[in-house]
Amino acid sequence: MSTTSAEPVATLSPEPTASTPPPTPPKQRTPARRRGFGSRAASILPPLGVLVVLLGAWYGVSIALAASGKGFLMPMPHEMFTQGFFDPQVGSDIWIALFRTTGVALTGLAIAMVIGIGWAIAMSLARWVERSTYAYAVMLQCIPILALVPLVGFWFGYEFLARVIVCVLIALFPMVSNTLFGLQSVDKSQRELFRLQKADKWTVLTKLTLPAALPSIFVGMRTSAGLSVIGAIVGDYFFRRGEPGIGSLISNYQSRLQSAELFAAILAACLLGVAIFAFFGWLSKVAVGRWYDSTR
Amino acid sequence: MTLASPAPADIADPTAPLLDFRNVAMTFPNGTTALSGVDLTVGRGEFVSVVGPSGCGKSTLLRIASGLETASEGTATVNTDRIGYVFQDATLLPWRDVQSNVELLAELNWQPKRVRVPKAQWAIDLVGLKGFEKHLPKQMSGGMKMRASLARSLTLDPELFLFDEPFGALDEITRERLNDELLKIFVEQKFGGLFITHSVSEAIYLSTKVVVMSGRPGHLVDTFEIPFDMPRDPEIRYTAEYAKLVGEVSHALREGHS
């Protein structure tokens with residue numbers, strides 16, 4: 001075996017692995033880490049530069065508008081904080097609303113995930129399920145959700161339940177389609193490998209197709225998570241009843257021309273979306289990043 | 001087709017060929033005839049290579065032998081239930097490391113961990129991947145992945161080993177090295193091998209018998225017994241006798257093709 005074991009070593013060393021470097025002595029790590037810091041700076045500096053330019057432009061417009069007495073159209077950026085987040089009343093309104101909206105969005109997302117993954121698995125296991133129901137999943141995607149929102153309100157009231165249903169309606173399709181895509185994209189010869197051992201459907205699902213579909217499922221989760229936040233806000237924005245979420249707040253501030261507060265609420269909603277999106281990106285990396293090279 | 005489930009008498013009879021094709025033909029539901037009138041046997045300790053142009057039905061032959069397809073005419077008899085199958089690509093599961101990939105087939109056959117772990121270790125040693133048990137497929141070269149794929153099939157202790165152009169995608173040097181490895185394993189394990197390739201040289205180097213196929217529909221045009229001893233000296237590849245054989249097989253291939 002001595003001649004044979006030489007080959008893997010020889011073939012491994014010239015092509016160090018793409019994303020998980022093999023264990024290297026600590027001496028070699030330092031330059032790598034420094035390069036990591038450099039590339040991190042390179043990825044942070046450009047967007048930071050754009051932010052500075054945007055803020056500058058924003059101040060310019062605000063000052064010009066304020067000079068002509070229309071300052072309410074465009075508050076100064078810092079007023080989002082002084083009159084928004086740091087104002088005791090407005091600040092706590094926003095945080096509480098944000099908390100409620102997050103609850104709605106995450107509940108809706110969880111339900112969409114369970115239904116979506118379950119539906120996709122059923123479709124992948126039995127072709128007749130796919131043939132008879134996939135068209136409706138596509139239709140769900142095509143219905144203008146804004147038209148459905150008032151109906152959901154009629155049927156289910158204007159509280160938590162109705163808002164969650166709006167979230168599910170809006171977040172379900174990406175979950176279904178991405179999971180189904182993942183389940184069906186398994187290599188033909190890998191399926192045959194299992195077939196040759198006479199593996200049953202359940203074994204194939206748990207040991208082959210579902211693990212293989214995980215990267216796609218996470219893509220679906222990230223997309224659905226963003227949509228779910230939008231769904232929670234849209235439902236609330238239209239219902240404008242019950243315990244106010246961030247949607248109701250936006251609507252209220254808008255009608256009262258409280259532009260600084262309005263901007264603060266919008267920023268909070270936006271940050272919520274980004275945070276949930278980032279969370280699922282991180283989760284995906286932890287779960288499948290070890291073996292799957294995602295292209296982000 | 002009669003992929004006769006092996007009657008106990010057949011298994012007991014050591015002289016019965018492991019694989020026995022009699023007048024096998026294959027017509028797909030869309031009307032394409034992939035094979036016609038194929039007679040082929042693979043016995044214990046025989047290594048048979050099938051060479052032929054792309055699309056001549058070589059792979060269909062293998063798929064019938066493995067039971068993935070059913071012959072539409074003739075009889076295809078397999079006298080063992082221990083069949084190894086090596087695919088064109090390594091078909092490793094990317095989320096499993098080498099150890100756990102090699103254990104997969106035993107796992108699918110419900111073997112307990114205490115049986116399949118040492119078995120996998122044995123197979124990993126045999127293909128020269130010792131020390132790479134924890135590596136993931138994406139960390140490995142094409143040659144290493146193929147080794148892992150070989151090891152995975154070896155855990156079944158196959159009596160009949162089917163290879164579907166396993167080294168076709170590898171570079172020349174890696175391929176030659178793996179040919180030597182495979183020969184060594186063949187000499188040790190004494191399975192019956194059916195090896196599909198389009199490389200004449202590889203076919204001759206590995207085999208006790210080389211079968212030339214031609215397409216439309218696929219049929220056997222010629223058979224060559226390979227006279228070299230096992231285990232083989234890599235140097236035979238540079239002898240005049242070897243070169244002459246390569247020439248003859250290549251001629252048969254070209255005549256069958258035109």
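**Exercise 1.** Determine whether A:A269, which lies in helix α11 (residues 259-288) of chain A, is buried or exposed.

*Solution.* Helices are DSSP runs of H or I with at least four residues, strands are runs of E with at least two, and both are numbered from the N terminus. The model is predicted: local features need pLDDT of at least 70, side-chain atom pairs count only at pLDDT 80 or more, and totals for chains, interfaces and linings use all residues. Residues are numbered from 1 along each chain as its sequence is written, while chains are lettered from A and ligands numbered from 1 in the order in which they are written.

A residue is buried if 20 or more other C-beta atoms, placed from the backbone, lie within 10 Å of its own, exposed if 12 or fewer, and partly exposed in between. A:A269 has 24 other C-beta atoms within 10 Å and is therefore buried.

**Exercise 2.** State which residues A:A269 contacts, leaving aside neighbours within four places in sequence.

*Solution.* Contact requires C-beta atoms, placed from the backbone, within 7 Å. On this basis, A:I233 and A:I246 are in contact with A:A269.

**Exercise 3.** Describe strand β5 (residues 83-86) of chain B and its pairing with strand β6 (residues 160-164) of chain B.

*Solution.* First, the side chains: B:I83 and B:Y85 point one way, B:G84 and B:V86 point the other way, and all are buried. Next, the pairing, for which DSSP must find at least two bridges between two strands: β5(B) and β6(B) run parallel and are joined by 4 bridges. Finally, B:V86 has B:F163 of β6(B) as its bridge partner.

Technical notes. Contact = placed C-beta atoms within 7 Å.
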